[in-house]
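Student: I have a model open in front of me and would like to learn how to read it. Could we go through it together?

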Amino acid sequence: TLPRPDRAPRSSPAPARMFFDDKPKVNLRGKSSSSDRQLLLARAQRERDERQRQRALLRAALLLQSAARAHMALARAREAIRSEFDAAVDASLAQRVEPGVGGSLAAGFASLVRQLLFFHAAPLDDGRRTWLLGALVEALAAEAAAAPSSGLLRASLTPSLTASLVALCLQRLAAAAAGSAGSAAS
């Protein structure tokens, strides 16, 4: 066949359109440009940071709640022991005898000292401390006069109880001395 004059002759045959598609490619995996990936990573990091902050806030709230509950429980326990102390003191004053548990003077004082050391609060319990120290000194003097070799009362007050009681008294004496020195200087 002869080429038609209205068309120019082809130099080579046209490639099959099936393999050389010039249409744009569509990525079906979703957007994956670099900036979109960075935005996604930044958002994920912000969400992780927010969850971490929420966990820290929850831990802090639980710590505060437990501290408040412990403080209230300790206050209730101190008040209960203070009431027991007052009841024992009232009973000993009503009977006009030295404090004792089951008739044991030494055990009674040791118990009262332990109770006082547990609940003592400076201005509130100063009278209780003064009474206990006075009663203790009187009982030690009476014991020494009656049976100098016995020492049962002194033996019942362990060194740790005695040291704690002395430390408590020294704190109050130091505070009182500082207060009187400050008022004398004025």
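Tutor: Gladly! Let's start with a term: a salt bridge is a side-chain nitrogen of Lys or Arg within 4 Å of a carboxyl oxygen of Asp or Glu. Keep in mind that this is a predicted model. Here the side chains of Asp 125 and Arg 82 form such a pair, at 2.8 Å from N to O. Asp 125 sits in the loop between α2 and α3, while Arg 82 belongs to helix α1, so the pair ties together parts that are 43 residues apart in sequence.

Student: Are Asp 125 and Arg 82 buried or exposed?

Tutor: Both are buried. The relative accessible area of Asp 125 is 0%, and buried means under 20%.

Student: Which residues are joined with Asp 125 into one network?

Tutor: Salt bridges that share partners link Glu 79, Arg 82, Asp 86, Asp 125 and Arg 128. One of these bridges brings the side chains of Asp 125 and Arg 128 together at 2.6 Å, N to O.

Student: How many salt bridges are there by this rule?

Tutor: The count is seven. Another example joins Arg 53 and Glu 50, with 2.9 Å from N to O. These two are three residues apart in helix α1, which means about one helical turn separates them. Arg 53 is partly exposed, at 43% relative accessible area, and Glu 50 is partly exposed too, at 35%.

Student: What gathers in a patch of positive charge on the surface?

Tutor: Look for Arg 48, Arg 51, Arg 55 and Arg 59, which form that patch. Arg 55, for instance, is part of helix α1 and is partly exposed, with a relative accessible area of 42%.

Student: Now the overall fold. How many helices and strands are there?

Tutor: The protein has five helices and zero strands, so reading from the N terminus you meet α-α-α-α-α. Of its 186 residues, 17% count as buried.

Student: And the inside? Which residues have the most contacts in the largest nonpolar core?

Tutor: That core has 15 residues, and those with the most contacts inside it are Phe 85, Phe 109, Val 113, Leu 116, Leu 132 and Leu 165. Two or more residues come from each of α1 (34-95), α2 (105-119), α3 (126-146) and α5 (159-185). Helix α2 gives the largest share, six residues.

How values were computed. Residues numbered from 1 in each chain as written. Predicted model: local features only at pLDDT ≥ 70, side-chain atom pairs only at ≥ 80, totals over all residues. Heavy atoms only, no water. Core = buried A, V, L, I, M, F, W, Y, C linked by side-chain atoms within 4.5 Å. Buried < 20%, exposed > 50% of the residue type's maximum accessible area, 1.4 Å probe, protein only. Helix = DSSP H or I, 4+ residues; strand = E, 2+ residues; numbered from the N terminus. Patch = residues over 30% accessible without salt bridge, like charges linked within 9 Å, V, L, I, M, F, W, Y side chains within 5 Å. Areas by Shrake-Rupley, 256 points an atom, 1.4 Å probe, with all protein chains shown as cover. Lys, Arg positive; Asp, Glu negative; His and termini not counted. Charge placed at Lys NZ, Arg CZ, Asp CG, Glu CD.
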